[in-house]
Amino acid sequence: MKEFIIKANKAVTNGEINLKDLPGSSGRLDLICRCVNSAFFLSHDLRRDTIFYSVNYGNPNPPVALKFIGDELKRLSPDERSIAMFIQKALSKDASEIWKESTSGIYYSNHEFKEIILEKKNSGKKIFYLHLNGKPLENFDFKNESDVVFILGDHIGLSKEDEEFLEEIGAEQISLSPLELHADHCIILVHNVLDRLK
Ligand SMILES: C[S@@+](CC[C@H](N)C(=O)[O-])C[C@H]1O[C@@H](n2cnc3c(N)ncnc32)[C@H](O)[C@@H]1O
């Protein structure tokens, strides 16, 4: 299983989303929609072995965590607007401690970013933090890793406190390129490396 967890610092946390203004009033929800696209969509198929989380910290009710489970997704199309409409449905409901399903394969809760990561760590999963200045990807061998979790920042990136937390729990930093990339492109690059091991 491959999991991606992104902290969406400004992404909206209720259903009042202007679908014509995902980058502006929705707090860069466009970026999250593109990450969902990169996490799951193949040509005429979906990646069933992938889970994607966006933990939204924008107004008015942060945090709201969204979980997309590849094996359960139905009716989702690859375009940003369609993905945003499914996100809007999930964000229109009241998030609580318990993960609830909004539409097939899309869940919501009020779990914190760090809480979700810690839960993965405690269940024995290997955590990697994608960072421009990490160790080059070529230094890692994923052949024997069946359950991997990749942490990403959004356009703002992670705070110092988040980075210290990741260091404390032993997350290794991986650099995918000497250039700073968009988060959705990072997801594609990670998938490509893991696809080649199959
Ligand atoms: C647009 S970048 C973030 C830029 C932000 N200003 C910062 O300083 O973190 C979005 C995310 O993509 C990932 N990323 C970008 N370039 C990367 C690279 N070359 N290697 C690994 N991860 C990268 C990081 O997780 C980053 O937080």
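# A guided tour of the model

A search of the whole structure, which is a predicted model, finds nine aromatic pairs. To look at one of them, select F40 and F68, whose ring centres are 6.5 Å apart and whose planes stand at 40 degrees, so the pair is described as tilted. Colour the elements that hold these two rings: F40 belongs to helix 1 (residues 29-40) and F68 to strand 5 (residues 64-69), so the pair ties together parts that are 28 residues apart in sequence.

## Helix 1 and its partners

Two packed helices are described by the angle between their axes and the distance between the axes. Keep helix 1 selected and add helix 2 (residues 80-91), which packs against helix 1 at an angle of about 105 degrees, with the axes 9 Å apart. Are these two helices roughly parallel or roughly perpendicular? Angles from 65 to 115 degrees count as roughly perpendicular, and that makes helix 1 roughly perpendicular to helix 2. To see where they touch, show the side chains of L29, D30, I32, C33, R34, V36 and N37 in helix 1, which meet E80, I83, A84 and I87 in helix 2. Sorted by class, this contact of helix 1 with helix 2 has seven nonpolar, one polar and three charged residues.

Now hide helix 2 and bring up helix 5 (183-195) instead. Helix 1 and helix 5 pack with their axes 8 Å apart, at an angle of about 10 degrees, and that makes helix 1 roughly parallel to helix 5. On the side of helix 1 the contact is made by R34, C35, S38 and A39, while helix 5 brings A183, D184, I187, I188 and H191. The residues of this contact of helix 1 with helix 5 divide into five nonpolar, two polar and two charged.

Before leaving this part of the chain, select R28, which lies in the loop between strand 1 (2-8) and helix 1. Most residues other than glycine have a negative phi, and most peptide bonds are trans. R28 is not a glycine, and yet R28 has a positive phi of about 65 degrees.

## Two cis peptide bonds

Move next to the loop between strand 4 (50-56) and strand 5, where P60 lies. The peptide bond that runs from N59 to P60 is cis, with omega near 5 degrees. P63 also has its place in the loop between strand 4 and strand 5, and the peptide bond from P62 to P63 is cis, with omega near -5 degrees.

## Helix 3 beside helix 4

Select helix 3 (residues 113-122) and helix 4 (residues 160-168), whose axes come within 11 Å and cross at roughly 10 degrees. Helix 3 and helix 4 are therefore roughly parallel to each other. Which residues make the contact between helix 3 and helix 4? From helix 3 come F113, K114, I117 and L118, and from helix 4 come E161, D162, F165 and L166. The residues of this contact of helix 3 with helix 4 divide into five nonpolar, no polar and three charged.

## The pockets

Switch to a surface view and look for the largest pocket, which holds about 510 Å³ of space. Of the 23 residues that line the largest pocket, L130, G153, D154, E180 and L181 are the closest to its centre, so to speak the place to begin your selection. Strand 8 (126-136), strand 9 (148-153) and helix 5 are the elements that give two or more residues to this lining of the largest pocket, and strand 8 gives the most, with four residues. By class, the lining of the largest pocket has 13 nonpolar, six polar and four charged residues.

End the tour at the second largest pocket, where about 190 Å³ of space lies. Select M1, K2, D49, F142, K143, E145, S146, V148, L194, L197 and K198, which line the second largest pocket. By class, the lining of the second largest pocket has five nonpolar, one polar and five charged residues.

Conventions:
Residues are numbered from 1 along each chain as its sequence is written. This is a predicted model: local features need pLDDT of at least 70, side-chain atom pairs count only at pLDDT 80 or more; totals for chains, interfaces and linings use all residues. Side-chain values use heavy atoms; hydrogens and water are left out. On a 1 Å grid over the protein atoms alone, a cavity is a set of points where a 1.4 Å probe fits but cannot get out, and a pocket is an open set with protein on both sides within 12 Å along at least five of seven lines; lining residues have an atom within 4 Å of a point. Grid points are joined across faces, edges and corners, and a volume is the space filled by probe spheres set on the points. Ala, Val, Leu, Ile, Met, Phe, Trp, Tyr, Cys and Pro count as nonpolar, Asp, Glu, Lys and Arg as charged, and the others, Gly among them, as polar. Axes are lines fitted to C-alpha atoms, for helices over the stretch in contact, and angles run from 0 to 180 degrees between N-to-C directions. Angles under 35 degrees count as roughly parallel, over 145 as roughly antiparallel, 65 to 115 as roughly perpendicular and the rest as oblique. Contact means heavy atoms within 4.5 Å. Rings of Phe, Tyr and Trp (its six-membered ring) pair if their centres lie within 6.5 Å; planes under 30 degrees apart count as stacked, over 60 as edge-to-face and the rest as tilted.
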